[in-house]
Amino acid sequence: MEQAIFEERRDQIHRTGEGPFELACNRDSLAGAVSQRACVFCGSRVVLYPIADALHLVHGPIGCAVYTWDIRGALSSGPELHRLSFSTDLQEKDVIFGGEKKLKAALLELIERHKPKAAFVYATCIVGIIGDDVAAVCRDVAEKTGIPVIPVQSEGFKGNKREGYTAACKAMFTLTGSGDTSDISPISINILGDFNLAGEIWIIRDYFKRMGVETVANITGDGRVDDIRRAHGAALNVVQCSGATMELAKMMQDKYGIPFIRASYLGIEDMADSLYAVAEHFKDRDPGIMERAQQVVREELSVLLPQLGQYRKDLEGKKVAIYVGGAFKAFSLIKAFRHLGMKVVLVGSQTGTKEDYEELAAICDPGTVIVDDSNPLELSKFVKELDVDLFVGGVKERPIAHKLGVGFCDHNHERKEALEGFVGMLNFAREVHASATSPIWRFVPRREAMAKAEAAKKEAI
Amino acid sequence: MSDSPYVSTTNACKLCTPLGAALAFRGVEGAIPFLHGSQGCATYMRRYIISHFREPMDIASSALGEKQAVFGGGPNLKKGILNVMSKYGASVVGVATTCLTETIGDDVPRLLAEFRKEFSDLPLPEIVHVSTPSYSGTHMEGWHAAVAALASQLVQVKAEPQRRVNLMPGLVSPADLRHLKDILADFGVAATVLPDISDSMDRPALLDYEKLPAGGTTLADIRAMSGALGSIECGRADHVAESAGANLERRFGVKNLRVGIPVGIRESDAFFAALEELTDVPTPKKYQDERGRLVDAYVDGHKYVAGKRAIVYGEEDLVIAMTAFLAEIGVKPILCATGATCKNFKAQLAAVTEGLLPEPPEAREGVDFHDIAEQAADLAPDLLVGHSKGYTYAKAWNVPLMRVGFPIHDRFGGQRMRHVAYGGTQELFDRLVNVVLERKQEDSAVGYGYL
Ligand code: SF4
Ligand code: SF4
């Protein structure tokens, strides 16, 4: 079994309770290890993608663009330009002679055709190698067309997803500060780091609205360029997720003095805590706000809790493995599973930081396995060893779980079911329940064999 | 050359070259696909492939970072191969380059030669390499280049003559491959299908997670290809300078017959004729009966589909094959489009529709969905035939989409879909007629219960 673990990766795996916590992370993926990670470009694309009235042009050969064509569930209430996959589709001669000319022509052509509010140009690996001056082309085209044309320095090989988040934040930061903020309420926020998967941001915005808080910009779910331009007029940035947009919040704090707080909308406690934190922030300006926040939570819980109880009955004691992109999400998931009476026995992420993992280790039960930048061999080894009943991850983890006869719940950017907010918790519980209690697991060979062994053991006694 | 008037690409109708190579390598027993490049490419392709096949798809990567991108990826390549050897126990490593490593100019054959020398004390796997820059090809080129590389690099000596047939089936579904293998078995010959993803990309539920999924063409069978009665290569489009079959013919005198992907009666007839020619065995009655039933079904169903106007898009080989089928049943292929560019696409479309259509169908290559859509506005199709990626357009135009080929991301069971030979064509025809009937019923104010 131990064979599944690469010698070089031993210190990227930890079992809580076994010695002092120490976990290596933020490393380059090991060559030949089939990492579940993507690249810098992927990180930028994730963050910027939901800005629905911008043109997103991928400068590079075709694959990078085609594999990111409308794969996410980020919804828009208006324009849907983000769902198209634009590429310069570089050809051999562009690689030899440089792709700047083609980039410029493509930009002019697409801007003319779609009249976007802004354009983002993503630099991919080979653009970095052939040395195209993407920034210069962007400046030139911005001048000609009168819209912001923003280079995103997302060459894939320059690191992992995290660097992509930074590149995206830098790109968006160039937009802020250019819109009119005169009519913005003093009780106002920007929602950062939510991507409106399956319409989740609409759920969250509604809670804030019921509390009397104005949302200036959604960054980036159901995002609009003009909103981001005036985002500096908001009184507070509410930042979800540890990695994706934190940097933007910090830059806005430095430049515009806008404070930020961290939030999570997954699970009951985190959702409620986030609303309370915002209320807390504004309570001096608006004395009634805390009560309204409590009112929202009360109303929602009165509907949710009785229904959750139903699911909990069946799920009590089942074991869960979590492997997600960012570590922050894992915190919320662990808490959410506690509500369902389930036990998290494995937790890991592609891009967690040292602090993330320390915090994780602190809230996990003893014996929980924590992994950084894992791969199919390791994940399958632990799923078996820990006898997991349910796996939470993304598309690439799904076949690992299913092959081992383990229920699976999709929790990444591709999901089409809202999992945030109070109603999201219910959807989540329903999905977990549907998978973990399905009768089909009886027929999976591994489970069948386990049941047989169990029966034989009983007989022997 | 491209038929698109535009510089930019919108919603591409093709995938990138190493994806095809990785998938092809997956059809060799004990093989692991290995992309020499940065991590993202491999991960994206895995995700893409997994959502069609719903099977694990481990693709190793040399995971180049900034430093290696500047100073060369050799050390990572070697280290990566050692790692997959030790953890996956692969007997074959299929190394495909990516845009990045092609651009920085890594000399993979040289690096591999060094590797073999450096580690000659270890039991080394076979290492097959293929050059797959995406800026000069599509996933189909990657697929065919990988197949050609397998034949030219692994088949080194003339094998004992055997009653075997080599079949290079092209990118068809696991269900198609199973059907083709049954046919070859019924001809009473041993078959080497290269590559054979029928098992590895459509696995049963098992006791354990397999590091390397079982199934695939064995190394021994690949080596024995030089002693076969002959080869049959499916797919009419020209992709690579020298195909696997042509290579074996040139070096070992193994007769190579090239046919289309056998969809429809005429293309299937050609496939069975090729088999008869190589084996000297007449087509078994079972298939004559299947053919007979198919003709009978064509007759029974022809009026439902007569004159329907279809747009066909996707990979060159499959577009040609589907066009051959549609033309046979009286559906008008009004536009045949592909994202690839290949020398003989138009000529082959003309060939397969000869005698069935008054003139060759309109064909466009090197186009994307924006181009297709623009033209479709005037063409007013009744039907789209192609992979899932045309869905948004079908929805926008309110016409049905008959999903065929790869990728199928918005339906279940793409890997179990049959397209080939009389049996596969039968299923396609039934589906097509039903798609038309369903639409008719839906559109009807009355909703007839008999149609
Ligand atoms: S860089 Fe090339 S190989 Fe990698 S995803 Fe993009 S097109 Fe494909
Ligand atoms: S080429 Fe680079 S940017 Fe594109 S997918 Fe591969 S690693 Fe990412």
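**Exercise 1.** In this predicted model, find which residues are around ligand 2 and decide which chains they come from.

Solution.
Step 1. List the residues with a heavy atom within 4 Å of the ligand. From chain A, the residues around ligand 2 are C39(A), F41(A), C64(A), T124(A), C125(A) and G156(A). From chain B they are S38(B), G40(B), C41(B) and Y44(B).
Step 2. Read off the chains. Residues of chains A and B surround ligand 2, so the site is shared between chains.
Step 3. Look for the element that contributes most. Helix α2 (residues 39–53) of chain B gives the largest share of the shell around ligand 2, with 3 residues.
Step 4. Sort the shell by class. Around ligand 2 there are 6 nonpolar residues, 4 polar residues and no charged residues.
Step 5. Place the ligand. Ligand 2 sits in the second largest cavity.

**Exercise 2.** Describe the shell around ligand 1 by chain, element and class.

Solution.
Step 1. Take chain A: P61(A), G63(A), C64(A) and Y67(A) are around ligand 1. Then take chain B: C16(B), P18(B), C41(B), M45(B), T98(B), C99(B) and S134(B) are also around ligand 1. Ligand 1 lies between chains A and B.
Step 2. Ask which elements give two or more residues to this shell. They are α2 (62–66) of chain A and α2 of chain B.
Step 3. Sort by class. The shell around ligand 1 has 8 nonpolar, 3 polar and no charged residues.
Step 4. Place the ligand. Ligand 1 sits in the second largest cavity, and ligand 2 sits in the second largest cavity too.
Step 5. Compare the two lists. C64(A) and C41(B) are around ligand 1 and also around ligand 2.

**Exercise 3.** Describe the interface of chain B and chain A by its contacts and its buried area.

Solution.
Step 1. Count the contacts. In chain B, 60 residues are in contact with 62 residues of chain A.
Step 2. Give the area. The two chains bury about 5600 Å² between them, with 63% of it on carbon and sulfur atoms.
Step 3. Name the main contributors on chain B. Y44(B), Y135(B) and Y209(B) supply 14% of the area that chain B buries against chain A, more than any other three residues. Y44(B) is also one of the residues around ligand 2.

**Exercise 4.** How many salt bridges cross the interface of chain B and chain A?

Solution.
Step 1. Search the whole structure: 58 salt bridges are found over all chains.
Step 2. Restrict the search to the interface of chain B and chain A, where the rule finds 4 salt bridges.
Step 3. Examine examples. K384(A) and D208(B) meet in a salt bridge at 2.6 Å, N to O. This pair runs from helix α15 (residues 376–385) of chain A to the loop between β7 (190–193) and α9 (219–223) of chain B. K403(A) forms a salt bridge with E55(B), and their closest N and O atoms are 3.0 Å apart.

Methods: Residues numbered from 1 in each chain as written. Chains lettered and ligands numbered in written order. Predicted model: local features only at pLDDT ≥ 70, side-chain atom pairs only at ≥ 80, totals over all residues. Heavy atoms only, no water. 1 Å grid on protein atoms, 1.4 Å probe; cavity = no way out; pocket = protein on both sides within 12 Å on 5 of 7 lines; lining within 4 Å. Sits in = over half its atoms within 2 Å of the grid points. Helix = DSSP H or I, 4+ residues; strand = E, 2+ residues; numbered from the N terminus. Nonpolar A, V, L, I, M, F, W, Y, C, P; charged D, E, K, R; others polar. Contact = heavy atoms within 4.5 Å. Buried area = accessible area lost by both parts, 1.4 Å probe. Salt bridge = Lys/Arg side-chain N within 4 Å of Asp/Glu carboxyl O.
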